[in-house]
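Q: Hi! Could you help me find my way around this protein? I'm new to reading structures.
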Amino acid sequence: MKTPKRLQPLIEDGLIDEVISQLMSGKEATVFMVRCGSEIRCAKVYKDAGKRSFKQAVQYREGRKVRNSRQARAMAKGSKYGREEQESLWHNAEVDALYKLAQANVRVPKPYGCIDGVLLMELITDADGDVAPRLNDVKLTQEEALAHHTQIIRDVVRMLCTGLVHGDLSEFNVLVDQDGPVIIDLPQAVDAVANNHAEWMLERDINNMRDFYGQFAPELLTTQYAKEIWEIYESGKLTPETELTGHFDEPTESADVDAVLSEIQEAFKEEQERLARMQSTDED
């Protein structure tokens, strides 16, 4: 096919020898099949921020580290330099996550680097050597669904043990090769410690997987892996080998509403006193 403009520099630099075809176009990127020497790989071309339809990106960026204070100030101001740095941070987040997760034995595509907003990575194929289908295009037996679900939960645990939560995991972000599910699309991966939304993102990821595989294995629909995993993680006892049950006992004690209201009122009173002191100082 005709070489897309964004891939032309990689052709000129010898990183890509040929663009074979477009594989898909999603909310954040367009993916092409390319030839690099004797290998067939993927080239993921990220869309510009103004053309991406990915929502709530600010929630995903929370807790991400920047190189220095100048970069942080520029991104906060939204200057041209700041926007460029923010885009670079978004692209590099996926590359960093792929390298980190591959080391942790999570089934993800092997990365080969990110150049000018283009991520080169392994092409995932099926048993016949064709491009692996997305999970949402696959029909499974009950036995396959149970086995694949066990594998994906184990990979989610491995991710969390490295400090990452996918944040957008669904049947549209999983490929299926001859050995089972492969997790893809990680630019929005969040820091489990530094991001305040990590817990509910993890719960949503796991419940998305539960609901999909539950179509083929209904017994999965009553499991509570998300709550079980997060509770063990918060206790500091989660490891890749942790035995999970899928059961979780919800707390039975009722909330002390009066005590909560009392704390709110006390905090409000202290804040009013602080503001009054500041006003008095300004008048003096």
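A: Happy to! One term before we start: two strands pair if DSSP finds at least two bridges between them. Keep in mind that this is a predicted model.

Q: Okay, so what do β2 and β3 form?
A: They form a hairpin, with two residues between the strands. In that turn, Gly37 has a positive phi of about 65°.

Q: And how many bridges link β2 and β3?
A: Eight bridges, and the pairing is antiparallel. β2 covers residues 29-36, while β3 runs over residues 39-46.

Q: Which residue in β3 does Val31 stand opposite?
A: That's Lys44. Lys44 also stands opposite Leu119 in β5.

Q: Oh, how does β5 pair with β3, parallel or antiparallel?
A: Antiparallel, over five bridges. β5 is made of residues 118-122.

Q: How many of the residues in β3 are buried?
A: Six of its eight, so the strand is mostly covered, taking buried to mean under 20% relative accessible area.

Q: New topic: which residues form the negative surface patch?
A: Glu199, Glu231, Glu234, Asp249 and Glu250. Glu250 lies in the loop between α7 (225-234) and α8 (257-283).

Q: Why does Glu250 count as partly exposed?
A: Because its relative accessibility is 44%, and partly exposed is the range between under 20% and over 50%.

Q: Last one: where is Gln142?
A: In helix α5, residues 142-161. Gln142 counts as partly exposed too, because its relative accessibility is 42%. Its C-alpha atom is 8.6 Å from that of Pro218, although the two residues are 76 apart along the chain.

Technical notes. Residues are numbered from 1 along each chain as its sequence is written. This is a predicted model: local features need pLDDT of at least 70, side-chain atom pairs count only at pLDDT 80 or more; totals for chains, interfaces and linings use all residues. Side-chain values use heavy atoms; hydrogens and water are left out. Patches are made of residues with over 30% relative accessible area and no salt bridge: like charges are joined within 9 Å, nonpolar side chains (Val, Leu, Ile, Met, Phe, Trp, Tyr) within 5 Å. Accessible areas come from the Shrake-Rupley method with a 1.4 Å probe; for residues, only the protein chains shown count as cover. A salt bridge is a side-chain nitrogen of Lys or Arg within 4 Å of a carboxyl oxygen of Asp or Glu. Lys and Arg count as positive and Asp and Glu as negative; His and the chain ends are not counted. The place of a charge is taken as NZ of Lys, CZ of Arg, CG of Asp or CD of Glu. Helices (H or I, at least four residues) and strands (E, at least two) are DSSP runs, numbered from the N terminus. Buried means under 20% relative accessible area, exposed over 50%, partly exposed in between (1.4 Å probe, protein chains only).
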